[in-house]
Amino acid sequence: MSTPRAVSPEKRLFLKERELSALLEITQAINHDPTEDALYKIFQFTLLGQLNIRRLVLYVKEENDWLCVVSFGAGLPDFRRIPLPDVVQQSCTGSPCQIASLRLSQEWEKLEMVIPVVNNGEVMAYVLIGNVHEDYVNEEATKFLETLSNILIGAIENRRLARQRVEAAAIRKEIEIAQEVQTMLFPRSLPNDKHVAVHASYVPHTAIGGDYYDVVPIDTQRFLFCVADVSGKGVPASLLMSNFQAGLRTLLRQQAELGTVVSELNNLIYRNAVSEKFITAFFGIYNRATRELEYVNAGHNSAILLSDTDDHQLLSEGTTMLGIFEELPFLHTHRVQVPLRSLLLTYTDGLTEVFDEAEGEFGEEGVLAFLRKNNYLPLPTLHRELLKEIKDFNTKGASFSDDITILSCRFK
């Protein structure tokens with residue numbers, strides 16, 4: 001960089017006019033609201049045209065990384081492919097630095113000065129310049145470059161913050177809609193008559209969970225109940241579950257057999273999720289008149305059928321999870337006779353995949369042991385005590401790592 005020389009009043013006025021022109025160009029560009037890339041280009045050509053700065057490199061902080069957004073000038077390599085050296089970050093934290101003093105590699109030799117752009121005590125950008133006109137090498141001119149760069153980076157940062165606020169608001173709205181959709185998926189009332197009582201509990205891990213349960217009357221004697229768990233969470237899981245519920249209820253209105261219901265739901269999920277997501281589910285149809293339970297377990301946790309003599313059956317047969325294969329490789333419906341005064345518990349894996357300090361899992365055995373001790377509790381109390389049991393078991397004190405859904409049937 002050339003040595004500064006005395007500047008006449010006329011020259012000083014001329015330089016001030018160029019600075020004002022540069023400032024006007026930048027502020028007009030910001031007010032016209034172009035893209036960030038366009039602002040960087042305007043910054044580049046303003047420094048070239050108004051201030052006669054022939055080489056310019058601009059690094060901007062993007063989260064925790066430094067990204068080169070401008071690399072311009074004869075003889076310069078493409079700095080967009082070159083990381084910002086650590087020594088620049090360590091040495092130039094508040095005031096401009098001479099490149100020569102930093103002992104950088106040869107590719108940096110055509111640049112002469114590093115100007116940090118500081119906002120609230122944090123460096124947000126580095127402006128590296130070279131081949132600067134001798135009229136524009138004094139400290140006052142460098143200060144103006146800092147100011148001009150600050151205006152640009154500040155405007156871009158404000159745009160990002162505004163965009164983040166808009167995106168956050170959109171995400172919040174999506175979550176609200178998905179929560180409403182998910183709430184509408186759950187049945188408003190559950191059977192409770194002289195033959196059977198049904199109760200359900202749902203504890204979401206996040207704002208939008210991936211669990212689902214349903215109870216659907218088929219006729220005066222039969223009803224279907226279902227517990228399902230979609231892979232993943234959030235809005236996509238909620239939308240897939242809404243498709244699942246709509247498909248299930250449509251098929252039941254058509255009086256489809258249970259095997260057909262499961263097969264068609266697999267096809268629906270496969271087409272909608274394109275194998276990126278899948279659903280595990282337990283389907284049961286109970287007939288009050290015959291006390292027969294027809295079921296299909298689609299890759300789900302085994303439902304537990306516990307008699308009043310403490311004998312139990314694990315209902316695990318059926319098929320694989322839904323949505324993985326275009327056609328299910330096997331599908332079997334099973335029928336069991338339900339004993340008097342027995343209890344059926346279906347649940348999602350958030351109930352069993354709970355660990356103590358020794359990494360021991362609560363598991364299916366923990367659920368079964370609890371049921372044997374509390375078989376005759378009223379269903380709402382049984383659910384509440386079971387959730388308390390796994391919370392106490394989770395001695396690390398951390399929140400549960402998954403949604404928890406419990407649906408139980410007391411057969412009278």
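In which helix does Gln245 lie? Select Gln245 to begin: this residue belongs to helix H5, which covers residues 234–253. The model on display is predicted.

**First stop: Gln245**

With Gln245 still selected, consider its surroundings. The residue is buried, because its relative accessible area is 13% and buried means under 20%. Setting aside the neighbours within four places in sequence, show the residues in contact with Gln245: they are Met184, Leu185, Tyr212 and Asp214.

**The whole protein**

Now display the complete protein as a cartoon. The secondary structure consists of eight helices and 16 strands. Of the 412 residues in the protein, 48% are buried. Among contacts with a separation of 6 or more, 66% join residues 24 or more positions apart. If a surface is drawn, the exposed area comes to about 20600 Å², and carbon and sulfur atoms supply 50% of that area.

**Thr35**

Select Thr35 next, in the loop between helix H1 (9–31) and helix H2 (36–49). Is Thr35 buried or exposed? Its relative accessibility is 53%, so Thr35 counts as exposed, the cut-off being over 50%. Add Ile156 to the selection and draw a line from C-alpha to C-alpha: the two residues are 121 residues apart in sequence and 9.2 Å apart in space.

**The largest pocket**

Rolling a probe the size of a water molecule over the atoms shows where empty space is left. In this model, the largest pocket holds about 200 Å³ of space. To find the pocket, select Ile218, Arg222, Glu257, Ile285 and Glu294, which lie nearest its centre among the 13 residues of the lining. Colouring the lining by character gives five nonpolar, three polar and five charged residues. Strand S9 (279–287) and strand S10 (292–298) each contribute at least two residues to this lining.

**Arg291, between S9 and S10**

Move to the loop between S9 and S10, where Arg291 is found. Most residues other than glycine have a negative phi, and most peptide bonds are trans. Arg291, by contrast, has a positive phi of about 55 degrees although it is not a glycine. Arg291 is also buried, since its relative accessible area is 18% and the limit is under 20%.

**Helix H6**

Select residues 258–273 to show helix H6, which has 16 residues. From its first C-alpha to its last, H6 reaches 22 Å, close to the 22 Å expected at 1.5 Å a residue. Its buried residues are Leu258, Gly259, Val261, Val262, Leu265, Asn266, Leu268, Ile269 and Ala273. An α-helix has 3.6 residues a turn, so residues three or four places apart point the same way.

**Glu359 and helix H7**

The last stop begins in the loop between S15 and H7, where Glu359 should be selected. Glu359 has a positive phi, near 65 degrees, and is a residue other than glycine. Continue to helix H7 itself, residues 363–374. How far apart are the end C-alpha atoms of H7? They are 17 Å apart, which agrees with the 16 Å that 12 residues should span at 1.5 Å a residue.

Within H7, highlight the buried residues: Gly363, Gly366, Val367, Leu368, Phe370, Leu371 and Asn374. Finally, show what covers them, including strand S11 (303–306), strand S12 (312–315), strand S15 (342–347) and helix H8 (379–393).

Definitions and conventions:
Residues numbered from 1 in each chain as written. Predicted model: local features only at pLDDT ≥ 70, side-chain atom pairs only at ≥ 80, totals over all residues. Heavy atoms only, no water. Helix = DSSP H or I, 4+ residues; strand = E, 2+ residues; numbered from the N terminus. Expected span 1.5 Å × (residues − 1). Buried < 20%, exposed > 50% of the residue type's maximum accessible area, 1.4 Å probe, protein only. Contact = heavy atoms within 4.5 Å. Areas by Shrake-Rupley, 256 points an atom, 1.4 Å probe, with all protein chains shown as cover. 1 Å grid on protein atoms, 1.4 Å probe; cavity = no way out; pocket = protein on both sides within 12 Å on 5 of 7 lines; lining within 4 Å. Points joined across faces, edges and corners; volume = space filled by probe spheres on them. Nonpolar A, V, L, I, M, F, W, Y, C, P; charged D, E, K, R; others polar.
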